[in-house]
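Trainee: I'm new to this one and would love a close look at a single part of it. Could you walk me through it slowly?

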Amino acid sequence: MTAADTPDSTGVHLLVPLKPLNRAKSRLLAGRGPAGHAELVTAMALDTVAAARRARGVAGVVVVSSDRELTESFTALGVEVLPDEPADGLNAALRHGDEVLRARGAHRVGALQADLPALRSGELGWALRAAGTDRSFCPDLPGDGTTLLLAEPGLPLDPRFGPGSAEAHSESGAKTLLGPWESLRRDVDTEADLTSAKTTGLGPRTRARVASAE
Ligand SMILES: Nc1nc2c(ncn2[C@@H]2O[C@H](COP(=O)(O)OP(=O)(O)OP(=O)(O)O)[C@@H](O)[C@H]2O)c(=O)[nH]1
Ligand SMILES: C=C(OP(=O)(O)O)C(=O)O
């Protein structure tokens, strides 16, 4: 292993999970058709990952997905994609990704949702700073879901995503991250969320997709 391959112990290694495009973000399919939907979901994920990679405190971003098109898009940008194993849902995929990264020496692992197309690097950096070294999570704007989960350094991620995940992560001992990072909380599940994210400020790929569909 060269120095460049040595995992950075000072930052968090973020896992970004994505289902196959034909199953992801089903509420954004209506009125768009499969091709337009796939392009939008891909653009949102690429913007999310691009912003996360630039954030202070992020040592690396790794996507977890078995979708071929997504894998090609991310690989072209130099983003590593781990296969979705054991193909048993979101939390299992994240547990596997966590094991892979920690086996490589990553000291701290987190999970970031892929549907944050308005994410600003600076805001993610502030949230990471507020987390300190605590197990922490950031709730989505409605407050039920989770957009970011951070393990305590050296400990497993122990993800509890799914309905009511904010409460589940809180019950697992994670500190709630609330502060001036609206873009980290503005996940996009519906058309109404997309309209709200436009106001916050979409990333360039999502903005272009939305504009070309208008
Ligand atoms: N790798 C991987 N990612 C998953 C899996 N299930 C869900 N995800 C991703 O985790 C995030 C939250 O997933 P869900 O809330 O189940 O689904 P969604 O795609 O956001 O949207 P809906 O279709 O509206 O429920 C999304 O980015 C998904 O693509 C899985 O089994 N494997
Ligand atoms: C899976 C989750 O996200 P969402 O359903 O909002 O995509 C979650 O918040 O735990």
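Which strands does helix H3 lie across, and at about what angle does helix H3 run to E1?

Mentor: Happy to! Keep in mind that this is a predicted model. Helix H3, made of residues 90–103, lies across four named strands: E1 (12–17), E2 (58–64), E3 and E4. Its direction is at about 150° to that of E1.

To place those strands, look at the sheet they belong to. The sheet is open and has seven strands, in the order E3-E2-E1-E4-E6-E5-E7, and the pairing is mixed. Strand E3 (80–82) and strand E7 (175–176) stand at the edges with a single partner strand each, so one side of each has no neighbour in the sheet. In general, strands of a sheet pair through backbone hydrogen bonds, in either a parallel or an antiparallel way.

Now follow E4, one of the strands under H3. E4 covers residues 109–112 and runs antiparallel to E6, residues 146–150, with three bridges joining the two. Within this pair, Gly110 stands opposite Leu150 in E6. Helix H4 (residues 121–131) also packs on the sheet, where it touches E1, E2, strand E5 (136–139), E6 and E7. The direction of H4 makes about 45° with that of E6.

Strand E2, which H3 lies across, spans 58–64, and a backbone N or O atom of Val64 lies 3.0 Å from a nitrogen atom of ligand 1. The protein covers 80% of the 620 Å² of accessible area that ligand 1 has on its own. Ligand 1 has 15 residues around it, and Lys19, Lys25, Ser26, Arg27 and Asp84 come nearest.

Conventions. Residues numbered from 1 in each chain as written. Chains lettered and ligands numbered in written order. Predicted model: local features only at pLDDT ≥ 70, side-chain atom pairs only at ≥ 80, totals over all residues. Heavy atoms only, no water. Pairing = 2+ DSSP bridges. Contact = heavy atoms within 4.5 Å. Axes fitted to C-alpha atoms, helices over the stretch in contact; angles between N-to-C directions. Near = heavy atom within 4 Å. Polar contact = N/O pair within 3.5 Å; in protein donor to acceptor, adjacent residues only side chain to side chain. Areas by Shrake-Rupley, 256 points an atom, 1.4 Å probe, with all protein chains shown as cover.
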